[in-house]
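Student: Please take one part of this structure and go through it closely. I would like the sheet, its pairing and the packing around it.

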Amino acid sequence: MVFFPGELSMELLLVPSEESSGSGTQKLMCSGWGFNPKIKWLSGPEQRSAADNEIRMGEDGHVTLTSHITITQQEWNEGKDFICEVDDKDLQKTVRKSTSLCTGSL
């Protein structure tokens with residue numbers, strides 16, 4: 001992904017399972033690029049806790065924050081929406097993307 005100064009960008013991915021299809025879980029990954037990005041996960045009105053976060057600093061001063069959540073296969077099959085929201089107070093911008101089984105896309 002190309003980062004433009006003054007811009008906040010992100011991507012949301014469904015991570016392929018390394019286990020058998022009967023693992024009972026799905027993993028979602030969200031990455032945000034900015035100067036001070038924060039990631040929040042939502043499903044409906046409730047906030048979800050990230051399984052882990054990784055922060056990297058680029059040579060140009062921008063920060064990449066990557067976050068994962070693990071959801072049950074049942075939640076995924078029910079068609080629930082999962083939202084990743086990236087907020088950067090330094091840039092005063094917020095972007096969000098959502099995915100679900102029903103949308104078939106990110």
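Tutor: What follows covers the open sheet, one of its residues, and the nonpolar core.

This is a predicted model, in which local features need pLDDT of at least 70 and side-chain atom pairs count only at pLDDT 80 or more, while totals for chains, interfaces and linings use all residues. Residues are numbered from 1 along each chain as its sequence is written, and side-chain values use heavy atoms, with hydrogens and water left out.

The open sheet consists of 4 strands in the order β1-β2-β6-β5, with antiparallel pairing. Strands here are DSSP runs (E, at least two residues), numbered from the N terminus, and two of them pair if DSSP finds at least two bridges between them. Because β1 (9-15) and β5 (52-57) are at the edges with a single partner strand each, one side of each has no neighbour in the sheet. On average, neighbouring strands of the sheet are turned by 15 degrees against each other, direction ignored; the axes are lines fitted to C-alpha atoms.

Between β1 and β2 (residues 25-34) there are 7 bridges, and the two run antiparallel. E11 has S31 in β2 as its bridge partner.

V63 lies in strand β6. This residue is buried, at a relative accessible area of 11%; buried means under 20%, with a 1.4 Å probe and protein chains only. Beyond neighbours within four places in sequence, V63 contacts residues including W33, F35, I55 and M57, where contact means heavy atoms within 4.5 Å. The C-alpha atoms of V63 and N36 are 6.5 Å apart, although 27 residues separate them along the chain.

How values were computed: Axes fitted to C-alpha atoms, helices over the stretch in contact; angles between N-to-C directions. Buried < 20%, exposed > 50% of the residue type's maximum accessible area, 1.4 Å probe, protein only.
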